[in-house]
Structures are given as structure tokens and as C-alpha cells.
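This briefing takes up the confidence of the model, the packing of several helices and the surroundings of selected residues. Please have the structure open while reading.

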Amino acid sequence: MALQFASTANRTVLARSHTRRLDQAIVDSGYRSRFRTWERVATVRNNPVRELDDSGELFFSPELVPALAHPILAQADPAVRETVLVHRLYEYLRFTIDLEQSAVIPVTGHISRGMSGLDLPEPMRLDAFKIVTDEAWHAQFTYEILRSVRERTGVAPALPQTPTFTTELARIHEELPGEIRGMDELLFAIVSETLISSILDELPKDTRLPVGVRDMVADHAVDEAKHHSYFSTLLRHLWPAMTPKERELAGPYIPRLIFAFLEPDYPSTALGLRASGLTGAQVEQVLSEVYTRDKVVGDVRRSAAPTLQYFVEAGALDHGATLEAFQEAGLVT
């Protein structure tokens, strides 16, 4: 199920009654663009599509795949473990493509064309155009690496038709009260673009991986550092510009948006393990014993720390219902 975006007219939080107030807040604070050197440093302007050569002995860092530590896989044939890593790479690549095309590009496209309802200063709209260009490039070079991995390994991707995060976002979108429906897309873009994944940091350093994979992830990380700054700035000014009613309605959904981005995609992981040679019973055992709820919540809380701090600084957790939702999700104590 593809994520459906609400029309501009339905984006109450972005309604024209708030645009002047939001615009003035950003102008008063002095927006400082991180994209002033974009033409010189953006990977789409400077780097080629990375090619997959014969280098590398692994396709993903084992330390970033918790399932490999389970006794069933720890004692498995090396070929099985290596295939699990190939499928984990496929999962990451597919997630990246879907995230950029279904969640980030539509939001930044609306911002860049002045169709979001946000009356932003011209430099922010211009930077949104650059983010759209970056993200389209990320989706393209990620897909090309995916194709190359399939050709080199002969392993077909075992992936669900729809990633779990898009299904969860669609569910949240339908649950939102009508007067704020559409705010979820903007908030999820802020969440996803301010959560710098450990994968972007760790994979480029792992010399066991093919050079093409490492360089592709490193390219992505270079651009995402600027996107992170843009969306954290947007949040700082968006939240105070919302009405108390809008904050009351939207705030409790933020933890679900964070989990949609960070929680493991269990169906995708299960398909990868099954395709690697595990039986159905083994897959079920690995998932139930590796991804306990306490561990998942703890991992999400640690990974979400920078974004949580941004929401705290914006005042989102000052509202009782929002704070309670974060507490119930295990994101704050």
C-alpha cells in the first residue's frame, strides 16, 4: 500500500492562517543555509554512480545484524551467514529507495514549489529544491547498486511487496483527525531526516565490504548531514507556530512515527532468513529471541536520541498527552 499524501487544502497545520507567523519566526531567527556550497560538494554534482567490482568478502557488517548472534545462525554454515548479509543489504537498499521516493521527496517537493502551505523565505524553498535533487539521486544510485549486487551474487532479493514503514505511515494517516491530516507526512520527514542512521556511519568504514557499497553509503551520508540541519531548523520553527489544539492532536503520534522509521522490519527480515536457508520454525525462533520488545525499545530510544532532543527543544514534550505518549512508548522516562 503506497503512502497517500493529503492535499494542501487538508493540511490544517500548514493552513494559510499560520503561514505569516511561521515565516516571521524563521526570518527573525535568521535562516542559515547549509547548501551555499551545494554545487561544489553535492554528490549528484560531483560523484559518479558507484560501480560494484570484485572487492569485498562480505556484503554487510555482521555487527549490524543482530540475528547473526543467535545460536542458530552462529553455528550455521558460512554460506548461510553470508547470504543473510546479502539479504540484509537488500533490505537496507530497498528501505532507502522507498523512504526517499515515498516520504521525503513529496514533502520537500511541496515545500520547494510553495504548495505546502508554509510561507517560507526564499532560501529555504531553494534549499528544498536541492534536497529533492539529492534524494532522487540517492534513490537512483541505491537502485543501481541493488541491481549490481543481484548480478554479482546471483541471489534474488527476498523482500515484501510493501515495506512495513509505509504500511504504518498509511495507518497513522488514516487515524489522524481530519483537521491535522497531512501533518504526519511533514513530521515523518523531519523524523527520518534528523535520525542519522548508524548504517551511514559504520558501513563506509568496514573494509570487508565491496568498495562500491562503501562509497555509495558514504555519498549518502555526505548529503544527509545537510538535510539533517535543514529539517531540524524547520522543526524548531514549525512547532511553536502550531496552535495549541494542533499540538495536542499531533504530538501523541510522534513516537509512532519514530518507531515506524527505526523499528526492524520483521516481515522483511523473516523473508531474508527464510531465503537464506532457515526453516520457518527457525525463523520464528530467531525473531522472537533476538527482537524482544525490551531490546527493540532500548535500541530505538538510543538511536532516536538526537531527534528526541530536537522535539524537547521545540517544546513538543511540554504538552501532557505528548509526554505521556513518549513515556508509554519507552522513549523517555
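The points below move from the confidence of the model to helix pairs and then to single residues. The structure is a predicted model, and the mean pLDDT of its protein chain is 90, with 91% of the residues reaching 70 or more. Over residues 1-21, however, the pLDDT is below 50, although this stretch has 60 contacts in the model beyond near neighbours in sequence.

**Helix α5 and its partners**

- Helix α5, which covers residues 78-112, and helix α6, which covers residues 122-153, have axes that come within 9 Å and cross at roughly 160°. Because an angle over 145 degrees counts as roughly antiparallel, α5 and α6 are roughly antiparallel to each other.
- The crossing of α5 and α6 is left-handed, and the residues that make up the contact of α5 with α6 divide into 18 nonpolar, 8 polar and 5 charged.
- Helix α10, spanning residues 211-241, is another partner of α5, and the axes of these two helices come within 13 Å and cross at roughly 35°. The crossing in which α5 passes α10 is left-handed.
- On the α5 side, the contact with α10 is made by Leu-89, Tyr-92, Leu-93, Thr-96, Glu-100, Thr-108 and Ile-111, while the α10 side contributes Val-213, Met-216, Val-217, His-220, Glu-224, Tyr-230, Phe-231 and Leu-234. Sorted by class, the contact of α5 with α10 has 10 nonpolar, 3 polar and 2 charged residues.

**Helices α8 and α16**

- Helix α8, made of residues 183-194, and helix α16, made of residues 305-314, pack at an angle of about 135° with their axes 8 Å apart. This angle falls outside the ranges for roughly parallel, roughly antiparallel and roughly perpendicular, so the pair counts as oblique.
- The crossing of α8 with α16 is right-handed, and the residues in contact are Leu-187, Val-191 and Thr-194 of α8 together with Pro-306, Thr-307, Tyr-310 and Phe-311 of α16. By class, the contact of α8 with α16 consists of 5 nonpolar and 2 polar residues, with no charged residues.

**Residues of helix α10**

- His-220 has its place in helix α10 and is buried, its relative accessible area being 7%. Leaving aside neighbours within four places in sequence, His-220 is in contact with Tyr-92, Thr-96, Glu-100, His-138, Phe-141 and Leu-200; His-220 is also one of the α10 residues that make the contact with α5.
- His-227 also lies in helix α10, and at 0% relative accessibility this residue counts as buried. Its contacts, again without neighbours up to four places away in sequence, are with Phe-35, Ile-131, Asp-134, Glu-135, His-138 and Glu-193.
- His-138 therefore appears in the contact lists of both His-220 and His-227, given the criterion of heavy atoms within 4.5 Å. The C-alpha atoms of His-227 and His-70, which are 157 residues apart along the chain, are separated by 36 Å.
- Arg-236 is found in helix α10 as well, but this residue is partly exposed, with a relative accessible area of 40%. Although Arg-236 and Glu-313 are 77 residues apart along the chain, their C-alpha atoms are separated by 7.5 Å.

**Residues of helices α14 and α15**

- Gln-282 is found in helix α14, which covers residues 280-290, and this residue is partly exposed, with a relative accessible area of 29%. Not counting residues up to four places away in sequence, Gln-282 touches Ile-72 and Gly-277.
- Between Gln-282 and Ser-232, which are 50 residues apart along the chain, the C-alpha separation is 42 Å.
- Val-296 is found in helix α15, which covers residues 293-303, and with a relative accessibility of 3% this residue counts as buried. Leaving aside neighbours within four places in sequence, Val-296 is in contact with Glu-263, Pro-264, Tyr-266 and Tyr-291.
- The C-alpha atoms of Val-296 and Phe-129, 167 residues apart along the chain, are separated by 35 Å.

Technical notes. Residues are numbered from 1 along each chain as its sequence is written. This is a predicted model: local features need pLDDT of at least 70, side-chain atom pairs count only at pLDDT 80 or more; totals for chains, interfaces and linings use all residues. Side-chain values use heavy atoms; hydrogens and water are left out. pLDDT is the predictor's confidence in each residue, from 0 to 100. Axes are lines fitted to C-alpha atoms, for helices over the stretch in contact, and angles run from 0 to 180 degrees between N-to-C directions. Helices (H or I, at least four residues) and strands (E, at least two) are DSSP runs, numbered from the N terminus. Angles under 35 degrees count as roughly parallel, over 145 as roughly antiparallel, 65 to 115 as roughly perpendicular and the rest as oblique. A crossing is left-handed if the near helix is turned anticlockwise from the far one by less than a right angle, and right-handed if clockwise. Ala, Val, Leu, Ile, Met, Phe, Trp, Tyr, Cys and Pro count as nonpolar, Asp, Glu, Lys and Arg as charged, and the others, Gly among them, as polar. Buried means under 20% relative accessible area, exposed over 50%, partly exposed in between (1.4 Å probe, protein chains only).
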